[in-house]
Structures are given as structure tokens and as C-alpha cells.
Amino acid sequence: MEKTTLPWSGQHVCRVALGTWSMGGWMWGGADERAARATIQRALEIGVDFVDTAPVYGFGLSERLLGEELEALGVRDRVVIATKCGLVWDERQEPWRDSSPASIRREVEASLERLKTSWIDLYLVHWPDEGTPFEETAAALQALVDEGIVRAVGVCNYSVEQMERFRLGGRLDAAQFRYNLFEPANEPLLRYARERGLVSMAYSPLARGLLTGAMRRDQEPTDAARRAPMYHGESYQRHLDAVERLDSLAQARYGRRVIHLAVRWLLDQPGMSVVLWGARRPEQLDAVDGVWGFSLDDDAFREIGKIVSGLEDPR
């Protein structure tokens with residue numbers, strides 16, 4: 001297992017973190033609480049000690065399940081929790097962005113209660129809210145750090161320009177963004193994080209399941225989380241062709257599979273700190289062990305680049 005050091009605390013954490021969006025069920029066809037609890041337990045068993053969640057994941061469900069499970073196991077002190085603010089919802093469960101100081105204060109109190117904790121290790125703004133000056137949002141989060149409620153501050157889905165504006169109002173310790181072999185457009189964000197000494201966190205490393213090697217040609221996804229063109233029609237078939245070629249490369253060179261190659265490609269990017277591995281069932285974590293013990297050389301990077309070149313940007 002590989003670990004990285006969190007600069008704000010000196011803690012050493014696994015470079016693969018558990019992502020909990022899907023276990024909340026929102027946009028994923030519902031939730032299975034028993035499976036979610038077993039997934040959290042399994043992550044801890046294999047050494048994953050960093051968990052990423054958010055209030056909007058299941059509209060409080062993912063946070064609640066995580067908090068209850070960590071409390072039941074008595075392991076809160078050895079698990080780093082990253083959660084988020086800035087997305088709120090109404091009684092119809094329709095979310096919208098609100099990163100105002102008043103909203104952040106309400107959100108952090110609700111998250112602390114659901115997570116059954118007195119502190120949040122890393123608190124991220126989920127999406128940029130152009131309706132609130134970024135400096136005000138940053139100052140509100142800095143106040144939470146000063147109070148000891150939050151230990152570090154991050155942003156998610158921000159552009160480089162937006163992060164620069166955010167930094168004018170307070171500290172910035174981490175940046176989270178979507179990044180994988182099929183969606184590499186956010187490489188400038190990784191470069192920015194590396195140059196500024198931020199902890200970088202890549203989400204959707206397996207392109208929401210497409211890079212696991214488990215998706216079938218005759219069965220396109222129907223959930224709301226996978227609406228992009230690469231999950232449908234001719235684009236879907238082209239991406240599956242690439243998955244097969246990547247899988248053959250992984251087997252021939254490393255005795256691994258495409259799921260391991262895709263995550264290794266991220267971990268070997270200069271400046272990459274942590275990759276979020278989303279799971280809603282414990283068996284979806286079985287492959288984590290296979291990402292350790294090998295690295296990609298320049299020739300492998302070139303071969304991978306040839307395989308994925310020409311695939312259209314799915315956004």
C-alpha cells in the first residue's frame with residue numbers, strides 16, 4: 001500500500017480513498033444501507049483510512065451511514081473524513097449552490113451531527129457558487145479552521161482562475177476534480193495543485209465504471225449518473241474498444257487488468273496525491289490491492305496515450 005502525507009496534520013493516509021457518492025443512492029438508482037455499511041467496513045479492513053463524502057450524497061444518507069459505522073467500530077480517530085458544503089436542497093430533493101457564510105454555518109453543523117464527530121478533517125466547497133464572492137466563502141471556512149471545527153479547506157470542481165480568487169479570502173489546502181484516462185482535460189488543475197503544494201484528489205478515476213472492464217456492450221447504463229455520450233451509442237462502443245486494448249496492455253506488461261492500469265495511470269501522474277475509489281458494495285473494493293506494487297514507465301504512458309487518443313471529450 002502507498003501512503004501520502006497530509007501537510008496540515010502530518011498524517012499518513014492511503015493514496016486510495018473511499019468515495020461514497022454511489023452508496024448514497026442519489027442518481028445511482030437508490031441505496032442499500034446494509035451493503036454500504038459492509039463497504040465501509042471492508043475499506044477499513046484493507047487499509048483505506050481516508051473517506052470522501054458530501055451532504056448531497058443521498059441527501060444526508062452517506063454522511064449518516066459513515067458516521068454511524070465509524071462510531072460503532074470506534075475508529076473515528078484513525079480515519080480522515082473529507083466532506084463538503086455549498087450544495088443544499090429543498091423538500092423535493094432538488095439541489096442548488098449556496099456557499100454563503102450563513103449556509104456554510106448551517107451545513108457544517110448538520111454534517112457534524114450526521115457524521116457523529118466534533119471535527120472535519122477536510123472541508124471542501126462542492127461546486128463554485130458565483131452568486132457569493134469567493135473571498136467570503138473562503139473567509140467563512142477560515143473561521144471554521146480558527147474555531148477548530150475544520151482542520152483543512154479545499155475546493156471541488158473549481159477552475160484555476162476560481163481557485164486563485166478563492167485564495168484571496170483564506171487558506172486553500174486541497175483541490176478535488178474529475179480526472180481519468182477518458183476525461184483528462186483537468187490536467188491543468190493537477191499542475192496547479194502541484195505548483196501550489198495542494199493535496200490533489202481525483203474523482204471518477206474509473207469513469208463511473210467504464211474503466212473497470214465490467215460494463216457490457218449490449219447493456220448501456222440507465223442511471224442518471226452516466227448520461228454523457230461515452231456511455232451511449234457509437235461512443236460507448238468506441239470506449240469499450242479502448243477498454244479492451246487497455247486491458248490487454250495491462251495483462252501483457254504487468255499481469256494486471258484495466259481497472260488497475262487506470263488507477264495506476266493516475267497515481268503515477270506527477271503531483272497526484274489521492275485517488276477516490278467509489279464503491280457501494282464491498283466486493284467493488286477487491287481490486288484495490290492490485291494497484292500497488294508496479295509503476296508505469298514512459299513507454300507505457302505512450303502506449304496508453306495512443307489507445308485513448310481520438311476519443312471525444314464526453315462533457
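Helix α8 carries Val 258, Ile 259, His 260, Leu 261, Ala 262, Val 263, Arg 264, Trp 265, Leu 266 and Leu 267, and each of these is buried in what is a predicted model. Buried here stands for under 20% relative accessible area. Because 10 of the 10 residues of α8 (residues 258-267) fall into this class, the helix is largely enclosed by the rest of the structure. His 260 and Arg 264 are among the buried residues, alongside Trp 265.

What encloses the helix can be read from its contacts. The buried residues of α8 pack against two strands, β11 (199-203) and β12 (274-278), and against two helices, α7 (233-254) and α9 (298-308).

These elements belong to a chain with nine helices and 12 strands. Across the 315 residues of the chain, 57% are buried. Of the contacts with a separation of 6 or more, 73% join residues 24 or more positions apart.

The overall dimensions can be set against a simple rule. A compact globule of 315 residues would have a radius of gyration near 20 Å, and the chain has 19 Å, so the two agree. Along the principal axes, the C-alpha atoms fill a box of roughly 55 × 40 × 40 Å.

The surface and the charges complete the description. About 13,100 Å² of the chain is exposed, and carbon and sulfur atoms supply 47% of that area. The side chains include 39 positive and 48 negative ones, and the centres of these two sets lie 3 Å apart.

Conventions
Residues are numbered from 1 along each chain as its sequence is written. This is a predicted model: local features need pLDDT of at least 70, side-chain atom pairs count only at pLDDT 80 or more; totals for chains, interfaces and linings use all residues. Side-chain values use heavy atoms; hydrogens and water are left out. Buried means under 20% relative accessible area, exposed over 50%, partly exposed in between (1.4 Å probe, protein chains only). Helices (H or I, at least four residues) and strands (E, at least two) are DSSP runs, numbered from the N terminus. Contact means heavy atoms within 4.5 Å. The radius of gyration is taken over C-alpha atoms; the globule rule is 2.2 Å times the number of residues to the power 0.38. Accessible areas come from the Shrake-Rupley method with a 1.4 Å probe; for residues, only the protein chains shown count as cover. Lys and Arg count as positive and Asp and Glu as negative; His and the chain ends are not counted. The place of a charge is taken as NZ of Lys, CZ of Arg, CG of Asp or CD of Glu.
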